[in-house]
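Visitor: I would like a close look at how one chain of this model is put together, and then a walk into the other chain if there is time. Could you take me through it?

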Amino acid sequence: MGVEANKTILLVDDDIDYLFQIKFQLERFGFKVVTAESQKEAEQLLANLKPDLAILDLMMENDDSGFILSYKMKKKYPDVPIIIATAVSSETGMSFGISSEEERKWIRADLYLEKGIRPEQLHKDILKLLNL
Amino acid sequence: MEALDVLVVDDEPGIRSGVLRILRNFTVSYPFMDDDISFNVIEAATGEEALEHIKKSPPAIVLLDNKLPGIQGVEVLEFINNNQLDILVMMITSYASLELAVKATTIGAYDFVPKPFTPQELKSSMENITKHYFLRRMTRKMHKEGKQVRFQFLSVLSHELKAPLNAIEGYLNIMQDKQMGPNVAAYDEMIDRSLSRVKSMRTMIMDLLDLTHIESGKKKRELRELDLCLVAKSAMDTMMPLAIQRDVTMQLAADDGCTYFADSDEMVIIFNNLISNAVKYNATGGTVTCTIAQSENQVVIRVADTGIGIDEADVPKLFHEFSRIKNAKTREVTGSGLGLSIVKRLVSMYNGRIEVDSKVGQGSTFSIYLPVSSSGLPDVSSQ
């Protein structure tokens, strides 16, 4: 068994295909995966669940669902690393990030990922955030 | 060709000359830019020296080592942040202090590159940071020019187009690597899902073309006397296959000779959108009723369904571009999120209005009121 076996990842995305694929990849790496399809559903799960890491989509019910969820999660579980994954890329200029003071004040994610990154890269990033 | 100033701050001369060598003949180009970008490397061996350079003439990019003989790299970073200089900072750091580099990105460094780095690693990092630099500049320029709204539309558009591409690519990758084993049947579901995403993408592109035509105002509008019943019937015919599949009955109740002076393409788009929504968001075995009624001063088109209905809180979002009401009941429905915003635009071109009346679990009715002017001709705005 790898180091992944006792780690639970919360995966939240309203794109059922993305959810399926990432869950599939994460399980291949040996993680336990819990999924939610909306900010609301994730919040319900988080009432009774403390994951070891969370991967959140940015745009779900609302354009900023991922941010809100991330903010609430960090309040409840400050030590759980959060990855925000989005298809809104820097190419469009709508670059969300932690580059400005204003953004850092309220965006509490540990990592931003562009959707479509290779599974191996995602695996590496997760291990890094989990200090494994 | 535009050259960006890159300040390399490192006490190891080897790193500085390495960067100089790698970037000397390196250029970056982007499809959205006319010119290639080259780099003009400036060297600093200490943080103090770096600050001198930055105060005198701020570079576009700083490659910053943290461990320096005098003040530390982080302090240089803080100076840049505190003075709100338009400089992007990339930390160069040894693997041992990687954690520090990650921390630096949370206090304002754009990215970090671990050393020792290969020329390729440095180049790809430079590509990213340069792109970011120019996009930031472009965004600011657009802000000034008031192009922001348009730009946001494009951003969301690119999001909406990329999501299905990512999904399809993801499935293809799984299939390519045979990650579900050698049994071909194991991949059926993925193929179905991929095809479904392709289909929704096609719908979106068609809707976008409609929208572009309306937006650009370039398309020539041909206003003539139209039989709206015929337009409604043809929209129903188009939706027939899906209606049969979903066991939805469509009916038309219209006054005789419901004519309206309008552009045929525009009316087709209106009816197609309303009727296809009414079928898509209906319950199995449900009904779609389209009524067209004419009075002296207006034509009223109503499309009613017996479907899932719309939550009151979601109604204001309905007519926004790309807004799709997302909940458990709509997850299986594909759509571009553009249909109703297109309809609304078209209706307003006739000085008309659109209203929605809906009850969750019972159905929705969309009503369009198109005015007819007193001269007998409809009141068509010129825009």
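Visitor: In what order do the elements of chain A run from the N terminus on?

Guide: Happy to. Please keep in mind that this is a predicted model. Starting at the N terminus, chain A reads β-α-β-α-β-α-β-α-β-α, and its secondary structure amounts to five helices and five strands.

The strands come together in an open sheet, ordered E2-E1-E3-E4-E5 (chain A), and the pairing is parallel. Its edges are strand E2 (32–36) and strand E5 (111–114) of chain A, each of which pairs on one side only. On average, neighbouring strands of this sheet are turned by 20 degrees against each other, with direction ignored.

For a detail at one edge, look at strand E4 (residues 82–86) of chain A, which runs parallel to E5(A) and is joined to E5(A) by four bridges. Within that pair, Thr86(A) stands opposite Glu114(A) of E5(A).

Now add a helix to the picture. Helix H1 (residues 16–29) of chain A lies across strand E1 (8–12), E2 and strand E3 (53–57) of chain A, and its direction makes an angle of about 165 degrees with E2(A). Two figures cover the whole chain: 39% of the 132 residues of chain A count as buried, and among the contacts in chain A with a separation of 6 or more, 65% are between residues 24 or more positions apart.

Chain B also has an open sheet of five strands, in the order E8-E10-E11-E13-E12 (chain B), but with mixed pairing. E8 and E12 of chain B stand at the edges with a single partner strand each, so one side of each has no neighbour in the sheet. Here neighbouring strands are turned by 10 degrees against each other on average, again ignoring direction.

At the E12 edge, strand E12 (residues 353–359) of chain B pairs with strand E13 (residues 363–371) of chain B in the antiparallel sense over seven bridges. Ile354(B) faces Ile368(B) across this pair, and Glu355(B) stands opposite Ser367(B). The two strands form a hairpin with three residues between them, where Gly361(B) takes a positive phi near 85 degrees.

Helix H8(B) lies across E8, E10 and E11 of chain B, at about 175 degrees to E8(B). Its buried residues are Leu228(B), Val231(B), Ala232(B), Ala235(B), Met236(B), Met239(B) and Ala243(B). What covers those residues includes strand E9 (259–263), helix H9 (264–280) and strand E10 (287–294) of chain B.

You may like to check the geometry of this helix. Helix H8 (residues 228–245) of chain B has 18 residues, which at 1.5 Å a residue should span 26 Å, and the end C-alpha atoms are 26 Å apart, so the two agree. The helix does have a kink of about 55 degrees at Met239(B), shortly before the proline Pro241(B).

Just after H8(B) comes Asp247(B), with a positive phi of about 60 degrees; Asp247(B) is a residue other than glycine. Asp247(B) sits in the loop between H8 and E8 of chain B. Asp247(B) has 11 other C-beta atoms within 10 Å, so this residue is exposed, the cut-off for that being 12 or fewer.

A comparable ending appears at helix H3 (residues 73–82) of chain B, whose buried residues are Gly73(B), Val76(B), Leu77(B) and Ile80(B). Viewed down the axis of H3(B), those buried residues fall within an arc of 100 degrees, so they line one face of the helix. H3(B) is followed by Gln84(B), whose phi is positive, near 50 degrees. Gln84(B) belongs to the loop between H3 and strand E5 (88–94) of chain B, and with 9 C-beta neighbours inside 10 Å, Gln84(B) counts as exposed.

One last loop residue is Asn25(B), located between helix H1 (13–24) and strand E2 (27–28) of chain B. Asn25(B) is exposed, because 8 other C-beta atoms lie within 10 Å. Asn25(B) and Ser38(B) are 13 residues apart in sequence, while their C-alpha atoms are 7.7 Å apart in space.

Terms used. Residues numbered from 1 in each chain as written. Chains lettered and ligands numbered in written order. Predicted model: local features only at pLDDT ≥ 70, side-chain atom pairs only at ≥ 80, totals over all residues. Buried ≥ 20, exposed ≤ 12 C-beta atoms within 10 Å, placed from the backbone. Arc of directions from axis to C-beta. Expected span 1.5 Å × (residues − 1). Bend = angle between axes of the 7 residues up to and from the residue. Contact = placed C-beta atoms within 7 Å. Pairing = 2+ DSSP bridges. Axes fitted to C-alpha atoms, helices over the stretch in contact; angles between N-to-C directions.
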